[in-house]
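User: I'd like a close look at one part of this model before I plan anything around it. Could you pick a part, start there and take me through what surrounds it in one go?

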Amino acid sequence: MTFNQEFDEHGVWRKQFALRLKLLSEWLSDHDLLEAGVRERLDQLHAQVKNDKMMVAFVAEFSRGKSELINAVFFAGYGRRIMPASAGRTTMCPTELGYDADVPPCLRLLPIETRLQPQSLLDWRNAPDKWERVDLDVNDPQQLARAIQKVAEVRRVSQAEAASLGFWNDGTPNENPLVGSDGLIEVPKWRHALINMAHPLLKQGLVILDTPGLNAIGAEPELTVSLLPQAHAVVFILAADTGVTKSDLGIWREHLSVVGEDKATRLVVLNKIDTMWDALSSPEQVQLQIASQRSDSAEILGLSPQQVLAVSAQKGLLAKVSRDDKLLQASNLMELEAALGEGLLGQRRRILAEVVSKGIQSLRQETGRLVHTRARDILEQVQELDGLRGKNTSVIKQMRLRIEQEQADFDASGAKIQAVRSVHLRLLKDLFAQLGNTHLKSRVSELARALKQPGIKLGVRRAYGKTFEQLAVDLNRADQLAAEIQSMLEGSFKNLNAEYGFSLQPPTPPRLSAYHKDLALIEKSHLQYLSLGNALRLAQPEFAERLARALMSRLRVVYDTAVNEVELWNKSAAAQLDAQLRERRRNFTRRIEAVSRIQQAAGGLDERIRELQSQQSQLNLTDAKLAELTNHLLAEPEAEAVAA
């Protein structure tokens, strides 16, 4: 099955799951079960499935046919090239292709001069008016291709300006661009490009990251420490006839082998195998040459041979456009698409299915507790009223007074419950402070100062190591605070359950220790810039400033994710307590109303007991229906994971 077909199936599953989730939400609302905690859980699940993105980054040195490969895999349906893929340097700036329904089809371009300003790339994303915008006509392939050609635009600048922008370094002359006869240097006109279009795959959550070559990658730290680490899969393109060159190996070692520890998310493509189709060699000899290149490349890069594929993107694109099945087979493009779909996409689907299953189980537990609380209250009412059979009005009056006293005592106990909330919120405030932006900035401030020092930064590596040691300590402290809060909740809930007959259960606490892995990956991805070989580049104040911004931007993403997890945990605990308090107050009201009706009418007792028994039966049906709906939802991600 091709990547496109796999992604289509994944998109169908996501749509069906979102629809079933919506139906569950409406059913819960109709049955008065959509409490705040349940609604929060539903919203989170819906957002996870609806907004799930899969970013595939295509990385290569210049002229490896990277843009042509993107055209062949994703855009052959247009019958022509969409991404610029002519000879020479085509993708001059990092280009993201995705889909946002709230934004019309367009190309947005961020001027290269923004590198000289203090804002991070993440900050610039939130300032759309600073980007140049070109509207796209997705129904006109020629206009589309012509507009997207702008990502290849360049500017000619002085050597001093090229250095300030990060494209010239006296310390690494071999990496510098050529100086023209006029003394000027060619640099990209744009820093970053965003293409928003309603391509079927992009609409389903695929994001394609097309990166420029080594020189441009090195000049944009935010690309290597923020964008590439967020990619769920990386396709690294080499030339089939040369295999792994020195510059290819430089990109791999500096920017890809350190991005993540999971090598299963890496695919290497030996492109342009058609250059090895030699009339003087037999097909068998050509295949042996290709197999040898695959094996050698896999060994050099430390991958399994199955992760190295040999294709011809140009012939694959031509075959798709001309519908030449024989040429398509010879291009091996379908083998690459299968690897993308079954391997990389399959892994992403399994992760999403696991997250969704856990969310559905939590949703089921929270809603089930509410149903069981109501069922227990009804049973107690039936037993209470059953005890009134044959009793005189005096006994019934006494019962009413007793219920009213219980209600008064319960209302008076609000201070005790408020004390639980107060302790909880105080500990929670400390936890949020530990993970907050202000604290994070203070931790990174020493490193930022070291990076901003003029000249060679001899102490920066020590400051870097110390910063990440402190961040690890902070994360451990946050994890301890979360454990203290969980312990407090367990004790408080146990006491409230014993005293008031509640059925409170503390939600699963956040696993903040898991973010140590994210910190380690960020630390690892920055180390390349602190090496002796990068000392001269790091000495440039503009580059050091960009590096500091990139680090802070990436750390903020990790910390914001941790804060969101803590907030969901907190809301789940608070909503559960609110729900049971509300149910208890409703229960007092219902009991008093029932006794009042019995006092007013002789046949009121039997009638009320029958009503309660009917409600019992209805709640049993509700519980069964809840199990059926959630089982159905649980079965879908399991089926998705198996399919993957």
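Analyst: One cut-off first: a residue counts as buried when its relative accessible area is under 20%, as exposed when it is over 50%, and as partly exposed in between. Also keep in mind that this is a predicted model.

Let's take helix α1 as our part. α1 is 28 residues long and spans 41 Å from its first C-alpha to its last, close to the 40 Å you'd expect at 1.5 Å a residue. Inside it, look at Trp-13 and Phe-17. They sit four residues apart in α1, so about one helical turn separates them. Their rings form an aromatic pair, one of 10 in the structure. This pair is tilted, with 5.6 Å from centre to centre and 35° between the planes. How accessible are the two partners, then? Trp-13 has 7% relative accessibility, so it counts as buried. Phe-17 has 0%, so it is buried as well.

For a contrast in geometry, go to Phe-58 and Phe-74. Their ring centres are 6.0 Å apart and their planes meet at 85°, so that pair is edge-to-face. Phe-58 belongs to strand β1 (residues 54-60) and Phe-74 to helix α3 (residues 66-74), so this contact ties together parts that are 16 residues apart in sequence. Both Phe-58 and Phe-74 are buried. There's a bit of a network here too: ring pairs link Phe-58, Phe-74, Phe-75 and Tyr-78 into a cluster.

Back to α1 and what follows it. Just after the helix, Asp-32 takes a positive phi of about 55°, and Asp-32 isn't a glycine. Asp-32 sits in the loop between α1 (3-30) and α2 (36-50). Is Asp-32 buried, exposed or partly exposed? Its relative accessibility is 40%, so Asp-32 is partly exposed. Arg-323 also has a positive phi of about 55° without being a glycine. You'll find Arg-323 in the loop between α12 (313-322) and α13 (325-331). With a relative accessible area of 75%, Arg-323 is exposed.

Carry on past Asp-32 into α2 and you meet some empty space. The structure has five cavities of 30 Å³ or more, and the largest holds about 110 Å³. Which residues line that largest cavity? Among them are Glu-35, Gly-37, Val-38, Glu-366, Arg-369, Leu-370 and Ser-572. The elements giving two or more residues to this lining are α2, α14 (333-386) and α21 (541-600). The biggest share, five residues, comes from α21. As for chemistry, the lining splits into four nonpolar, four polar and three charged residues.

Since you're at the bench, a word on cysteines. The structure holds zero disulfides. Cys-93 isn't in one, and the nearest cysteine sulfur, in Cys-106, is 14 Å away. Why is there no bond for Cys-106? Its closest cysteine sulfur is the one in Cys-93, and 14 Å is too far, given that a disulfide needs the sulfur atoms within 2.5 Å. Cys-93, at 1% relative accessibility, counts as buried, and Cys-106, at 0%, does too.

Notes: Residues numbered from 1 in each chain as written. Predicted model: local features only at pLDDT ≥ 70, side-chain atom pairs only at ≥ 80, totals over all residues. Heavy atoms only, no water. Buried < 20%, exposed > 50% of the residue type's maximum accessible area, 1.4 Å probe, protein only. Expected span 1.5 Å × (residues − 1). Phe/Tyr/Trp six-rings, centres within 6.5 Å; stacked < 30°, edge-to-face > 60°. 1 Å grid on protein atoms, 1.4 Å probe; cavity = no way out; pocket = protein on both sides within 12 Å on 5 of 7 lines; lining within 4 Å. Points joined across faces, edges and corners; volume = space filled by probe spheres on them. Nonpolar A, V, L, I, M, F, W, Y, C, P; charged D, E, K, R; others polar.
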